Amino acid sequence: MSRIPVAILGATGMVGQRLVQLLLNHPWFEIGALCASERSAGKRYGDACTWRLEGDEPPAWVFDLPVVSTAPEAVPDGIRVALSALPGSTAKTAEPAFRAAGYGVVSNASSFRMDPDVPLIIPEVNPSDLSWLDRQPGTGFILTNPNCCAVPLGIALAPLHEKWPVEAVCISSWQAVSGAGYPGESAWDIVGNVHPHPGDEEEKLTEEPQKILGASFPSSARCVRVGVADGHLMSVQARLAGDPSVEEVLEALRGFTSRAPELPSSPTPLIHVDTRRDRPQPRLDAMRGNGMAVSVGRVEACPVMGIKFYCLAHNTFRGAAGAAILNLELLHATGRLPAA
Ligand code: NAP
């Protein structure tokens with residue numbers, strides 16, 4: 001069966017490279033075009049980007065592909081889908097331009113995540129929010145995946161919120177350097193140091209899970225960048241209606257099953273519950289489920305909020321590129337991709 005070609009916007013960056021890597025062996029989609037800034041347009045992909053991902057490099061034909069400008073008219077005919085890994089400032093104008101040209105855009109950028117007409121989707125949690133796409137004008141659309149910490153938090157809270165609505169949540173994160181792209185933050189800030197997050201990560205982590213869960217509750221987040229390559233770890237303290245026991249919470253986490261149709265990139269189990277005292281850890285657990293599972297551990301009673309736990313996910317797989325591809329799979333499985 002022929003695969004659906006996809007344009008990757010921001011193809012030379014940290015998330016863009018992960019998208020390239022994941023599309024190479026995808027059963028439904030393939031690389032259709034590689035877009036980046038005017039600094040890169042016109043170059044071979046191999047000359048425009050320094051490959052920074054672990055493991056085997058892509059085959060030579062990928063490095064020989066031309067990089068084109070980030071504009072619909074620069075993309076070859078026959079492509080109607082774009083995965084965006086653009087910086088937020090660029091996404092603000094580039095993604096609506098692709099939508100206006102009839103593209104279905106699935107975005108990692110934060111620019112439109114809180115737009116009331118743009119779905120913010122974790123396929124296993126809130127696939128029915130796809131219907132919001134009907135509110136957008138024309139045949140094109142923008143769909144977003146959440147911030148790299150909001151994804152694991154949304155997944156970990158979903159089975160709890162379903163049984164015991166979240167009343168309040170406090171989060172602290174320890175975030176990997178790859179989350180800031182390349183070159184990211186200065187070595188001066190990271191080496192031998194812990195760096196309170198300079199961006200707007202805390203706002204995203206506060207508001208996005210509420211949109212995903214379709215709920216409103218007080219939420220407070222503190223985010224720091226640490227000298228870890230990949231994998232964001234969070235400490236979560238939650239007040240849940242009905243005040244469930246630790247055993248009930250563990251059972252709900254273990255029993256959670258995806259609300260989406262079967263999708264190639266969705267792992268089983270989605271939530272890996274670990275009862276060891278020293279887990280989850282980024283180095284040991286970020287790659288569970290091919291980087292797509294969420295690890296939850298240290299589920300304990302909290303004397304202040306009721307329940308506390310740690311959760312962890314790989315930021316460029318489950319928190320970004322893998323999340324976008326999963327959303328693309330959901331669109332395809334539900335017949336919502338624009339026709340070429
Ligand atoms: P990055 O490594 O800095 O890559 C940025 C990409 O955007 C590069 O391909 C760059 O192309 C391109 N670009 C920059 N300015 C452009 C312009 N004016 N026009 C067209 N293309 C332009 O960033 P990243 O970490 O991959 O992040 C990409 C997006 O994903 C961001 O919105 C980020 O917030 C989001 N995100 C990242 C993570 C993560 O873990 N890293 C997780 C979740 C979400 P050139 O090489 O030509 O400059």
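**Exercise 1.** Is Val118 buried or exposed, and in which loop is Val118 found?

*Solution.*
Step 1: Val118 has a relative accessible area of 1%, so Val118 is buried; that word means under 20% relative accessible area, while exposed means over 50% and partly exposed is in between (1.4 Å probe, protein chains only).
Step 2: Val118 sits in the loop that runs between strand 5 (104-107) and strand 6 (141-144). Helices (H or I, at least four residues) and strands (E, at least two) are DSSP runs, numbered from the N terminus.
Step 3: Follow the chain for 15 residues and you meet Leu133, whose C-alpha is separated from that of Val118 by 6.6 Å.

A note before you go on: this is a predicted model, in which local features need pLDDT of at least 70, side-chain atom pairs count only at pLDDT 80 or more, and totals for chains, interfaces and linings use all residues. Residues are numbered from 1 along each chain as its sequence is written, and side-chain values use heavy atoms, with hydrogens and water left out.

**Exercise 2.** Place Ile121 in the fold, and find how far its C-alpha lies from that of Ala324.

*Solution.*
Step 1: Ile121 belongs to the loop between strand 5 and strand 6, and Val118 is found in the loop between those strands as well.
Step 2: With 1% relative accessibility, Ile121 counts as buried.
Step 3: Ile121 and Ala324 are 203 residues apart along the chain, yet 9.2 Å separates their C-alpha atoms.

**Exercise 3.** Where does helix 4 (88-100) bend, and which of its residues are buried?

*Solution.*
Step 1: Start with the span. The 13 residues of helix 4 cover 18 Å from the first C-alpha to the last, close to the 18 Å expected at 1.5 Å a residue. That expected span is 1.5 Å times one less than the number of residues.
Step 2: Look along the axis. Helix 4 has a kink of about 25° at Ala94, shortly before the proline Pro96. The bend is the angle between axes fitted to the seven residues ending at a residue and the seven starting there.
Step 3: Pick out the buried positions of helix 4, which are Ala91, Ala94, Glu95, Phe98 and Arg99. Ala94 is thus both the site of the kink and a buried residue.

**Exercise 4.** How many residues of helix 7 (201-213) are buried?

*Solution.*
Step 1: Helix 7 has 13 residues and reaches 19 Å between its first and last C-alpha, close to the expected 18 Å.
Step 2: Of these 13 residues, 11 are buried, leaving helix 7 mostly covered.
Step 3: Check the names in your viewer; among the buried residues are the charged-looking trio to click first, Glu201, Glu202 and Lys204, along with Leu205, Ile212 and Leu213.

**Exercise 5.** Which peptide bonds leading into Pro183 and Pro269 are cis, and where do these prolines lie?

*Solution.*
Step 1: The bond from Tyr182 to Pro183 is cis, and its omega is near 5°. Pro183 is in the loop between strand 7 (166-175) and helix 6 (187-190).
Step 2: Thr268 and Pro269 are also joined by a cis peptide bond, with omega about 0°. Here the loop is the one between helix 8 (246-255) and strand 11 (271-274).

**Exercise 6.** What is the phi of Asn290, and what is the phi of Arg298?

*Solution.*
Step 1: Asn290 is not a glycine, but its phi is positive at about 55°. Asn290 lies in the loop between helix 9 (282-285) and strand 12 (294-302), and at 65% relative accessibility it counts as exposed.
Step 2: Arg298, again not a glycine, has a positive phi of about 50°. Arg298 is in strand 12, and its relative accessible area of 24% makes it partly exposed.

**Exercise 7.** How far apart in space are Cys148 and Ala321, and how far apart are Arg259 and Ala94?

*Solution.*
Step 1: Cys148 is in the loop between strand 6 and helix 5 (150-163) and counts as buried at 13% relative accessibility. From C-alpha to C-alpha, Cys148 and Ala321 are 9.8 Å apart, with their positions 173 residues apart in sequence.
Step 2: Arg259 is in the loop between helix 8 and strand 11 and is partly exposed at 36% relative accessibility. Arg259 and Ala94 are 165 residues apart in sequence, and their C-alpha atoms are 31 Å apart.
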